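Please work through the exercises below with the sequence and the three-dimensional structure at hand. Attempt each task before reading its solution.

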Amino acid sequence: MKYRIVNVEPTNNSGKLKAIATIEFPNIGKIYGIKVIQGEASLYCSPPTAPYYQDGLKRWISVILFKKKLWREIEESILKKYKTPFVVAANKIDAITGWK
């Protein structure tokens with residue numbers, strides 16, 4: 001299934017949430033709120049969620065389910081796009097006057 005990463009917007013959060021992504025499936029629609037999260041070992045993505053209450057406790061459930069293969073592909077694309085600005089910045093840092 002064809003899709004494109006619309007954007008991956010870094011957050012100003014000092015916690016585990018690092019960015020929020022949006023993807024688009026042409027002629028179908030957009031999916032907002034895909035989270036880029038820093039796990040214990042690496043970054044991973046989480047689909048959009050919605051709160052619900054069970055036994056007085058607030059819980060979260062995914063609002064969209066993907067086939068595993070498609071989700072892994074989407075996750076890989078989002079993480080690649082999330083990491084790209086940092087690599088570009090690191091490669092160009094010496095070009096900034098007064099950096100050294």
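The exercises that follow concern a predicted model and treat its sheet, its hairpins and its salt bridges.

**Exercise 1. The sheet**

Determine the order of the strands in the open sheet and identify the edge strands.

Solution.
Step 1. The open sheet has four strands, and their order is S1-S2-S3-S4, with antiparallel pairing.
Step 2. S1 and S4 are the edge strands, since each of them pairs on one side only.
Step 3. From one strand to the next, the twist averages 25°.
As background, the strands of a sheet pair through backbone hydrogen bonds, in either a parallel or an antiparallel sense.

**Exercise 2. Two hairpins**

Describe how S3 pairs with S2 and with S4, and find bridge partners in S3 for Phe 25 and Ala 21.

Solution.
Step 1. Strand S2 covers residues 17–25 and strand S3 covers residues 29–38; the two pair in the antiparallel sense over seven bridges.
Step 2. The bridge partner of Phe 25 is Gly 29, and that of Ala 21 is Ile 34.
Step 3. Three residues lie between S2 and S3 in this hairpin, and Asn 27 in the turn has a positive phi of about 65°.
Step 4. S3 also pairs with strand S4, residues 43–46, in the antiparallel sense over four bridges.
Step 5. In this pairing Tyr 44 of S4 stands opposite Ile 37.
Step 6. The hairpin of S3 and S4 has four residues between its strands.

**Exercise 3. The salt bridges**

State how many salt bridges the structure holds, locate the partners Glu 24 and Arg 4 as well as Glu 75 and Arg 72, and classify the exposure of each residue.

Solution.
Step 1. The structure holds two salt bridges.
Step 2. In one of them Glu 24 is joined to Arg 4, with the closest N and O atoms 2.9 Å apart.
Step 3. This pair links distant parts of the chain: Glu 24 belongs to strand S2 and Arg 4 to strand S1 (residues 4–10), 20 residues apart.
Step 4. Glu 24 has a relative accessible area of 21% and is therefore partly exposed; Arg 4, with 43%, is also partly exposed.
Step 5. The side chains of Glu 75 and Arg 72 meet in a salt bridge with an N to O distance of 2.9 Å.
Step 6. Both Glu 75 and Arg 72 lie in helix H1 (residues 68–92), three residues apart, which is about one turn of the helix.
Step 7. Buried means under 20% relative accessible area. Glu 75, at 11% relative accessibility, therefore counts as buried, whereas Arg 72, at 47%, counts as partly exposed.

Terms used
Residues are numbered from 1 along each chain as its sequence is written. This is a predicted model: local features need pLDDT of at least 70, side-chain atom pairs count only at pLDDT 80 or more; totals for chains, interfaces and linings use all residues. Side-chain values use heavy atoms; hydrogens and water are left out. Two strands pair if DSSP finds at least two bridges between them. A salt bridge is a side-chain nitrogen of Lys or Arg within 4 Å of a carboxyl oxygen of Asp or Glu. Buried means under 20% relative accessible area, exposed over 50%, partly exposed in between (1.4 Å probe, protein chains only). Axes are lines fitted to C-alpha atoms, for helices over the stretch in contact, and angles run from 0 to 180 degrees between N-to-C directions.
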